[in-house]
Structures are given as C-alpha cells and as structure tokens.
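Work through the exercises below with the coordinates open. Each task is followed by a solution in steps.

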Amino acid sequence: MRNMRLTVGAAALLLATPTVAWAQAQPQPTPAPSNGTLDIGGRFTTTTGDEARYERYRDLRDGLNANLLYSKQTEKWTFDLKATNIGYRDQRYTMNFNSRRLKASLFFDQTPINYGYYTKTPYNCTAGDCSLDPALRARVEAGTAVGAPQNVAQLLTGSIYNTIAKPFDMQGRRDTIRGEARISATDNLDFTLGLDTYKKSGNMPWGYGFAFNNLQEVPLVVDNSATAVSLGVEWASHQGMFRANYERSKFDQNIPSLRWDNPWRATDFCRAGLAGQAPGTCYDPSGYSNGNGPNDGVSAMPPSNSLSTFSWMAMIKLPAKTTANASFSAGANKQDAALIGWTTNPVVANPTVYATFPGLASLPRQTADLHVNYQTATMNISSRPHKDLTLAARYRYNGRNDFRRPFDAVEYVRMDAVPEETGGESEPFTVNRNSTELSAKFTGIPSSALKVAYGEDRLEHLDRATRGFKDKTTRVSWDTIGNQYVTLRAQYARTNRETIGFDDEIIIEMAMQPAARFYDEAARQSDRATLMADITPTASLGFNLSYVYGKDDYQKGDATQKFGLMNNRNKTYTIGVSYVPNERVSLGGDFGYENWDAFQTSRTANPFSGVPGAYESWNDPNRDWNLTNDETVKTATAYLNLIDVVKKTDIRATYEY
C-alpha cells in the first residue's frame, strides 16, 4: 500500500497584543494579552491498497484544511480554545477556563472507524432489519440458484446474491462530549461537576447463523449512546481530607433487536414424518445443523441499562505518628429491557409443539428484571509508636449482590429451528469477599528490616459445589537496608485454605466422583519461599542470586480428596555475575534452573447400572489412574558490551543456551 499526503496552508495571526508608544505621557496599563492563529489550507491524498485501513480512525478526505488556536490571559483568569480538522469526521474542539475560584473545561471529539471502502452486501439494512430479495430467496429454496456455496462446483458458479450486491462504505463514528468544572468555595472546600456522553452511529460487521453451515455477515446499523453525570465535594487541610462523589450513568440502545432474512429459505421449513420428530409437528430435529430452519431470525442487541454509584474516601492524621484512611463505594446496576420470545418461527411456536414442550408457550417473565448491587470498602491504619517499630492494619471488602429472579430455560429453541430440553435454570450469583491483614515491621537491627504479617481472606458465593473458601496466611520477611556490599531479601509464607460449604451431592449430580474436587477452591496447604541477594565486593564486580520455591498440597488440606490435582511444586534459582572494569566495557553471565512438577489422579468408570449384583466400575479402585507432570528448563546466558572502544562504534554480543 502506498500513500501520499499533500497539505497546503496559510497561517493568519488573528489577534495580537498591540503596542502603542505614548510620547510625553504617563505609562498606560498593559492591555490583557490575547492571541490566536487560524490555519487555512487544502489537503490532497492519494492511496493505493486498503484505503480504509490507512485511515482507520481518521478522516483524510480531500478538501479545505482549517485549524484554530486562540488564548486570552488576564490577571484573574485565562481562557484558551483549540479546534482541529474543522468540518471532518475526526474534528476536535477543546476549551479551558481557569481562575482562582473556577476551573472549567469542555471537550468535543469525533472518532471515525473505517472498516472498509470496498465492501458489498446483497442485504438492504435499515435500523433493526436486514432483508434480501424475496424472488431470489425463492429460487435458492427451490434449488434453481445457489445461495451460499457449499462445494467447489457451487463456488465456481457463485452466489445468485452477487447479482444484487451493492458496494458501500462500512464505517461508524463516535461523538464524545466531556465537560468538567471545579468550584473552589474556600481554600479548603471544592465542588466538582462532570459530564461525559457519547453517541455511536453508522454501521459495523455483524455475524449470525441459522445452522453450523449457514453463517452469514450483515452490516449492522448502530445507534446507541451513553451518558454519565457526576457531582462531588472535596475538603482538604494539613490534618486530613474528605471526598464524596455521586455518579449516574445510563446506556441507551435505540435499536433493541435485529431481524434478518435467511439466504437459504424463503419460507419456514415444515415437513411431517421426519425421524425423531415429535408427533404432529413438522420441524426437522437436525435443523440447527443442516439448515432446515426458519426463513428469518431475530437477535437482541446490547440492552439499555443504568448504573448509580456513590463513593467517598477520607484520610486523617492522628497523634503518635498514626495515619488512618478509608474508602467506600456502592453501586446499583439495573436492566429491565423487554425479552424476545423463545422463537418467531411459527413451525415451532404453535399449540402442537407446546403440547410436548409446554415451557415454550410463554416466557417466565416479559422483561429482564435484572438488579445487581456492588459494594467496595477499604480501611487502613498505620502507626509508628517507636522509631524502630511500625504497625499496620488493612481491611478490604468486595460484594456483589444479585437480586434477579431465577429464569427457567430448561426448554428453549436452538437457532430458531428445533425445540430442546437440554437447558437449565439461571440462578442469582452473589459474591462477598473480606480480607484482613495485620503486620509489624522492626528496624532495630542494624541495616535490616524484619516484617511479620498475618492475614485472612474469606470468599463466599453461591451456585458451586463449594460456597467459597477461607485462606489464613502467615508471612515473615527480612530485608537489608543501606549496606553497600550486600542487598538481601528473604520471605516465607504459608497459607492454609479451608473450603466453605462443600456439597458432594452437587458433585454427584455432575456425574463426578464424590471424592473429586475443583483445584481452584479445594482445601490445601501452600508454602512459598523467596530469596534474593546482590553482592558487590568491589565497585566493578557484582554477583546476584535468587531462589523461589512454591508448593500446594491438597491432601494435607483435605484428606477426603482422592481425585483431581493432589499436589504441585515449582522451584527456580538463578545465579549470575557482572564485571564492569570501566564505563566502556561490561560483561557477565548467568545460569537459571526452573522445575515444575504436579501429581493428579482420576478414575475411569461407568455410572451405576442399577442392576442388583452387577459389577460396578464406579467403586472399583483398580480403575484408578494417575498422571505425573515434570518439566525442567535450564538457561545459560553470557554478554559482552564494548561502548566506543572502537571510535564511534558500539559492539554488543549476547549468547543464550
């Protein structure tokens, strides 16, 4: 691809500060300075190749090129205005005003996204609808024309829809308006106001499918927007600070759904007597895979929703060299858009099918009725009661409370073609997490810092085989401080995880062994150790050493666990040397060793047969098998740098094995 841009312009000084000499008179006050420039010119662009890719997020059309810059300053306030690419799809305007009591800014921006200027489509797409020529669809269904080629011969013939495909520019645009204001009521008290809104328009590529072998792409018409408004208050002094903020944001979808024509069919498929078909119906049980489905489809777009958030944060300095801070945030997210029915296909949506699939006769509810609350809170306190002792306490809470009602989707319609009974029922998903840590740091040992900490992390949720877990962690570390010859950091941590509310009935319902566990939440004992050292016996010679060890033992955490990941271990160490005799020469090398190993077990067996006295492999330990993973990586590197040893030449060499 080759591109050429030519910009011709002229700059005009709009406003300049006049200077007038007064003879034999008293000096006059200097006028407030103001100045600006207006660039006016033309631009001409030629492109060979993918022009849309060249200007993916910008507009480079030929035409007038105009840019404006203006500013004014007085003793009490300043003002500036900037405009670029005026009149184009990527134009931008910014305005700022600053004074002692008021600071305000306003921003407007357009950002195009150019997908392609060579795209073609046989669809006639408007807001929420993409249709095809009905006469051509009838010919494709009758087998007298090719719709979507399925083999080499049809590919050579080509699609009949190519005869009506129209070229168009596939492009969209995002318009953004952002405004901010800060009012300083006093030297310690500020009020803030914010506005952020955007609107998306144009079209974009969108895919859909009626069957695994009937996947299509249409230019989706886009029309949505989002707006966020915030109000805040801030107070600050030498003793502390406080800030509170409220924000309301809303997403508006102006095109809630999309209907599109099936390029294979002009009518809904209906043929009685097919194998596996429910009595009295005429849908194809394999319609989702062979394409024998509806003549059109309907899909929901991202729905309109809202989010309200209130937050505050505060900090205060207390006696005895103590500082405390806290923050809290709570949000409410709501979405209650109208739901699309199970299907618009009349071959499925009828009383005969409802007799076999009664759940498809109506939706459990007509709107989404989704409501989720979020909460986050933190508290920290740090104190230094003695010059060699620092105490700290930290707490953090995260919560997600889901108030949605269950939605029965056991029966549903797959790809608008086939009723099914393989779905499930949605359930609210609520999560709460509490984390606490207490720590103490002692610096009384010369050139050292010793730190001990204890923490608990409790995560609780719904709708899994476990209801969460609780981690108890003890950690100790030692660091050297201010020693020019040795820098050392050593740390060891042990974590014991307890499973909360384990229910083996859920495991059994999933056709798993009751002694199996999910490794991400299973009880375990974890050990972590880290050692890092840098030794510099001379100014030019240095050595470095690191060692990391980690182990998770699941059986120590839960002796009843028999299947799944039993343990895993990793260890890594590196050792290296560097030598810098002068500023022009440096050389060195290092060696690294990494090892991972894990052990897991399982059982290959069939579910219970229910036949009295029959052999049941489900309980046969002879069906057990295990797997050991063991991987080692050794790495050696060496380097040499010669900087300006040869005049005006740098030589760098590296070898890695």
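The exercises cover aromatic pairs, charges over rings and strand pairing.

The model is predicted, so local features need pLDDT of at least 70 and side-chain atom pairs count only at pLDDT 80 or more, while totals for chains, interfaces and linings use all residues. Residues are numbered from 1 along each chain as its sequence is written, and side-chain values use heavy atoms, without hydrogens and water.

**Exercise 1.** Classify the ring pair Phe 242 and Trp 312, and place both residues in the fold.

Step 1. Rings of Phe, Tyr and Trp (its six-membered ring) pair if their centres lie within 6.5 Å; planes under 30 degrees apart are stacked, over 60 edge-to-face, and the rest tilted. This rule gives 13 aromatic pairs.

Step 2. The centres of Phe 242 and Trp 312 are 6.3 Å apart and the planes meet at 25°, so this pair is stacked.

Step 3. Strands are DSSP runs of E with at least two residues, numbered from the N terminus. Phe 242 belongs to β12 (residues 240-253) and Trp 312 to β15 (residues 305-318), so the contact ties together parts 70 residues apart in sequence.

Step 4. Buried means under 20% relative accessible area, exposed over 50%, and partly exposed in between (1.4 Å probe, protein chains only). Phe 242, at 36%, is partly exposed, and Trp 312, at 29%, is also partly exposed.

**Exercise 2.** Do the same for Phe 608 and Trp 618.

Step 1. With 6.4 Å centre to centre and 50° between the planes, Phe 608 and Trp 618 form a tilted pair.

Step 2. Both residues lie in the loop between β30 (585-603) and β31 (624-646), so the pair links parts 10 residues apart in sequence.

Step 3. Phe 608 is exposed at 53% relative accessibility, whereas Trp 618 is buried at 13%.

**Exercise 3.** Which rings do Arg 43 and Arg 174 lie over?

Step 1. The criterion is NZ of Lys or CZ of Arg within 6 Å of the ring centre and within 35 degrees of the ring normal.

Step 2. Arg 43 sits over the face of Tyr 88, 3.8 Å from the ring centre. Arg 174 sits over the face of Tyr 198, at 4.1 Å.

**Exercise 4.** Trace the strand partners of β29 through Val 577.

Step 1. Two strands pair if DSSP finds at least two bridges between them. β28 (residues 541-553) and β29 (residues 564-582) are antiparallel over 13 bridges, and 16 bridges join β29 to β30, also antiparallel.

Step 2. Val 577 stands opposite Phe 543, and its bridge partner in β30 is Gly 589.

Step 3. The connection from β29 to β30 is a hairpin through 2 residues.

Definitions and conventions
Helices (H or I, at least four residues) and strands (E, at least two) are DSSP runs, numbered from the N terminus.
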